[in-house]
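Dear colleague,

I am handing over the structure below, and I would be grateful if you could look through it with the notes that follow beside you. They begin with the sheet and then move on to the chain and its helices.

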Amino acid sequence: MRMLPPGAINTGPPVVPRPSATVLLVRGSRPWELLLVQRPGGADFAPGAYVFPGGTVHGDDMGWGDEIQMAAVRETFEEVGVLLARRGQRLAGEAECDRVRSIVEGGKTFGEALRELRLEPALDELVLFTRWVTPALLRRRYDARFFLARMPAGQIVRPQEGEVTDWLWITPGRALASPDITLVYATRAVLESVASETDAEKLFSGAAQLKDVPIVEPKMVQTETGWEIAGD
């Protein structure tokens, strides 16, 4: 279990969880690997830990269909430079990544960049497979959807300076076994849930066939020394 700092506990009415999205980027088939990124030591969430790319919904995500899926697309690009978008039937390549990056660096939003380049977010490339809600006792809460997505061909990982200090492609089993990789409870649990599937095609098809996506809310336990998240 992981001990929580006193400031993490909410003493008032429960905080409404912030809608957010997390993406497990997958490359390869059998075996397959996924992308983990390391948060800076001073990050608000999971400092120093390896996590999946993701973040909360912003106003720029509205108007594209599903704002949570759009947040997944935007956050994946902002954090690791991978663009889940298409023009017509063709998924974006590195050239489109460079153009979107240039427009955003010029002061426009991610959504504005997509519209300028006539790109559509590839929301259909995202496969929802689980949902995690932060316990009600915590001051900082998230309602996070976890999606699977394939790494687009021809693109490369370009992590955002300041938000990502390290990144690696790794199998779930190796990530779970490595003493050099710090994992928070949710990341570890999600890795454990996919580690037994060695075939990427079956991983995606199994998630796509889910009728009821499981909702997980970790348990909290009060001990003599304070509050802890069970299992972390």
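In this model, which is a predicted one, strand β6, made up of residues 85-87, pairs with β8 in the antiparallel sense, and two bridges join them. Within that pairing, the residue that A85 faces in β8 is P121. The two strands belong to an open sheet of three, which runs in the order β7-β6-β8 with antiparallel pairing. Because β7 (90-91) and β8 (120-121) each have a single partner strand, they stand at the edges of the sheet, and one side of each is left without a neighbour there.

As for the chain as a whole, six helices and 14 strands are found in it. Of its 232 residues, 49% are buried, and its accessible surface comes to about 11,600 Å², with 52% of that area belonging to carbon and sulfur atoms. If one takes the contacts in the chain with a separation of 6 or more, 68% of them are between residues 24 or more positions apart.

One residue that may repay a look is M70, which lies in helix α1 (residues 67-80). Its relative accessibility is 0%, and since buried means under 20%, M70 counts as buried. Leaving aside residues up to four places away in sequence, M70 touches D61, W64, F110, L114, P121 and L123; P121 is also the residue opposite A85 in the sheet described above. M70 and A21 are separated by 49 residues in sequence, while their C-alpha atoms are 8.7 Å apart in space.

The other helix I would point out is α2 (residues 94-105), whose 12 residues, at 1.5 Å a residue, should span 16 Å, and this agrees with the 16 Å between its end C-alpha atoms. Which residues of α2 are buried? They are E94, E96, C97, V100, R101 and I103, and the buried residues of this helix pack against α1, β6, β7 and α3 (110-116). The helix α2 thus brings us back both to the helix that holds M70 and to two strands of the open sheet, β6 and β7. After α2 comes G107, which has a positive phi, near 115 degrees.

With best regards

Note on methods. Residues numbered from 1 in each chain as written. Predicted model: local features only at pLDDT ≥ 70, side-chain atom pairs only at ≥ 80, totals over all residues. Heavy atoms only, no water. Pairing = 2+ DSSP bridges. Helix = DSSP H or I, 4+ residues; strand = E, 2+ residues; numbered from the N terminus. Buried < 20%, exposed > 50% of the residue type's maximum accessible area, 1.4 Å probe, protein only. Contact = heavy atoms within 4.5 Å. Areas by Shrake-Rupley, 256 points an atom, 1.4 Å probe, with all protein chains shown as cover. Expected span 1.5 Å × (residues − 1).
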